[in-house]
Amino acid sequence: MKETNASFGSRALFPHLKPVAYLNHSAISPPSLPVQSAVHAVLADYAERGVDAFVSWMAQRDRLRADLSELINARPEDIGFVPNTTQGIINMAMCMPWRPGDRIVLFDGEFPTNITPWQRAAKEFDLELVFLSLAGFDDTGNGLARLKAELQRGVRLVAVSAVQFQTGQRLPLDDMGQLCREYGALFSVDAIQACGVVPVDVQASQIDFLACGSHKWLMGLEGCGFIYIRPERVRTLIPRLAGWLSHEDGLGFLFDGSGHLRYDRPIRKRADFVEVGAYNVTGFAALEASLSLIQQLGVSNIHAHVNAYLDVLEAGLIDRGFVSARADRRANQSGILSVLPPDGVALSSLVESLSVQHVSCSMPDGRLRFAPHWPNDVAEVPQVLAAIDAFIRSR
Ligand SMILES: Cc1ncc(COP(=O)(O)O)c(C=O)c1O
């Protein structure tokens with residue numbers, strides 16, 4: 001489905017959205033009208049035809065695979081569908097051909113999605129986890145030098161989120177990927193806070209594994225995500241988490257008559273081996289519809305639009321004594337503005353008051369987080385600031 005009427009700063013495709021400023025796209029995006037109609041179309045088709053609808057929607061999956069590969073500069077065959085980012089990372093962590101004593105570099109402050117699977121793998125396969133600080137991964141700091149020093153000690157894999165969920169810190173993926181390549185480490189990226197708002201390029205950043213869900217910046221629904229696996233890496237993985245649909249020609253026995261029900265078919269040496277059983281057909285349809293709007297507008301343009309909005313909001317917040325964690329340079333900015341409140345302002349009361357005043361934002365890990373997307377208009381900002389002023393006056 002190709003929709004043609006997305007435009008920057010327009011909520012025409014979100015007529016039911018109540019908050020006057022919806023700034024929670026880093027949490028869950030509301031479904032646009034095209035997303036809703038894509039889902040209804042799947043349901044209507046299944047309601048009418050039952051199992052016959054299954055085959056028609058297989059083609060939709062191929063289109064979506066192609067769209068996602070374009071989004072991250074990969075090939076369609078290097079994309080696999082998973083229920084969420086976490087499951088994508090679990091697949092990588094559990095299917096790696098680990099050697100006892102392998103070292104994995106992780107970062108303090110990461111969302112647990114990018115920690116728990118590696119912890120489980122460390123326990124199962126006798127690996128060592130090394131935690132680095134996220135400080136200094138900007139133009140001036142020594143983050144890259146610290147990573148390099150760790151890589152020189154011998155590292156099997158580095159796992160990082162492209163954008164940190166609570167601060168909005170955007171990591172220098174190209175530089176990190178280059179260092180990993182130089183020192184023979186694999187590079188794994190959780191991209192859920194980036195894809196759809198920050199350009200992601202698995203070739204430029206030399207990424208080996210990437211996982212992403214669709215309900216944040218891709219503006220799809222929960223329960224639908226994808227992974228990218230570099231083709232030379234997928235060949236080395238051990239498919240410990242395979243299922244009936246992971247086999248080559250795994251569906252044939254249902255359609256091609258007798259004699260095809262075999263249990264010895266090889267597991268696909270492609271990223272889609274992670275597609276283990278029945279598909280999330282509605283989630284795929286939703287994602288195709290939302291992604292089509294994003295691709296129409298262009299991720300770089302969305303990044304510019306969102307950051308023009310955040311420039312104004314950030315200035316207003318700084319004037320009011322908030323402390324911003326946002327990078328100064330456009331190239332280092334994400335879609336998130338995260339601030340700490342002035343002394344004496346209780347964050348939970350502030351967020352609650354903003355919600356009552358129809359400003360939707362969140363407070364992960366004790367920071368006030370604003371995350372606009374393409375439908376937000378900078379004209380909303382005075383209302384957001386007025387809502388903050390109203391709360392401060394009322395205390
Ligand atoms: C960086 C990051 N990774 C992962 C997740 C969770 O992803 P999922 O629920 O798709 O597994 C979040 C959710 O906030 C996140 O911010």
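**Entry 1: N24**

I looked up what N24 touches in this predicted model. Setting aside neighbours within four places in sequence, I found N24 in contact with S360, C361, S362 and A371. I then asked which of these contacts are polar. The side chain of N24 makes a polar contact of 3.0 Å with the side chain of S360. The N24 side chain also reaches the backbone oxygen of C361, at 3.2 Å.

I placed N24 in the loop between β1 (21–22) and α1. Is N24 buried or exposed? Its relative accessibility is 8%, so N24 counts as buried; the cut-off for buried is under 20%.

**Entry 2: α1 and α2**

From the loop I moved on to helix α1, residues 33–49, and helix α2, residues 52–72. I noted that two packed helices are described by the angle between their axes and the distance between the axes. For α1 and α2, the axes come within 8 Å and cross at roughly 150°. Which residues make the contact? On the α1 side I listed A41, V42, D45, Y46 and R49. On the α2 side I listed D52, A53, F54, S56 and W57. Sorted by type, the residues of this contact are six nonpolar, one polar and three charged.

**Entry 3: the ligand**

Next I looked up which residues are around the ligand. I wrote down N84, T85, T86, F111, T113, S161, F165, D190, I192, Q193, H215 and K216. This shell divides into three nonpolar, seven polar and two charged residues.

I then checked distances from ligand atoms to N or O atoms in side chains. For D190, the partner is a nitrogen atom of the ligand, at 2.5 Å. For Q193, the partner is an oxygen atom of the ligand, at 2.9 Å. For K216, I again found an oxygen atom of the ligand, at 2.7 Å. How much of the ligand does the protein bury? The ligand taken alone exposes 400 Å², and the protein buries 87% of that.

**Entry 4: A149**

Last, I looked up A149, which is found in helix α5, residues 143–152. The relative accessible area of A149 is 28%, so I recorded this residue as partly exposed; that class lies between the 20% and 50% cut-offs. I also took its separation from L313. A149 and L313 are 164 residues apart in sequence. In space, C-alpha to C-alpha, I noted 38 Å between A149 and L313.

Terms used. Residues numbered from 1 in each chain as written. Predicted model: local features only at pLDDT ≥ 70, side-chain atom pairs only at ≥ 80, totals over all residues. Heavy atoms only, no water. Axes fitted to C-alpha atoms, helices over the stretch in contact; angles between N-to-C directions. Helix = DSSP H or I, 4+ residues; strand = E, 2+ residues; numbered from the N terminus. Contact = heavy atoms within 4.5 Å. Nonpolar A, V, L, I, M, F, W, Y, C, P; charged D, E, K, R; others polar. Near = heavy atom within 4 Å. Polar contact = N/O pair within 3.5 Å; in protein donor to acceptor, adjacent residues only side chain to side chain. Areas by Shrake-Rupley, 256 points an atom, 1.4 Å probe, with all protein chains shown as cover. Buried < 20%, exposed > 50% of the residue type's maximum accessible area, 1.4 Å probe, protein only.
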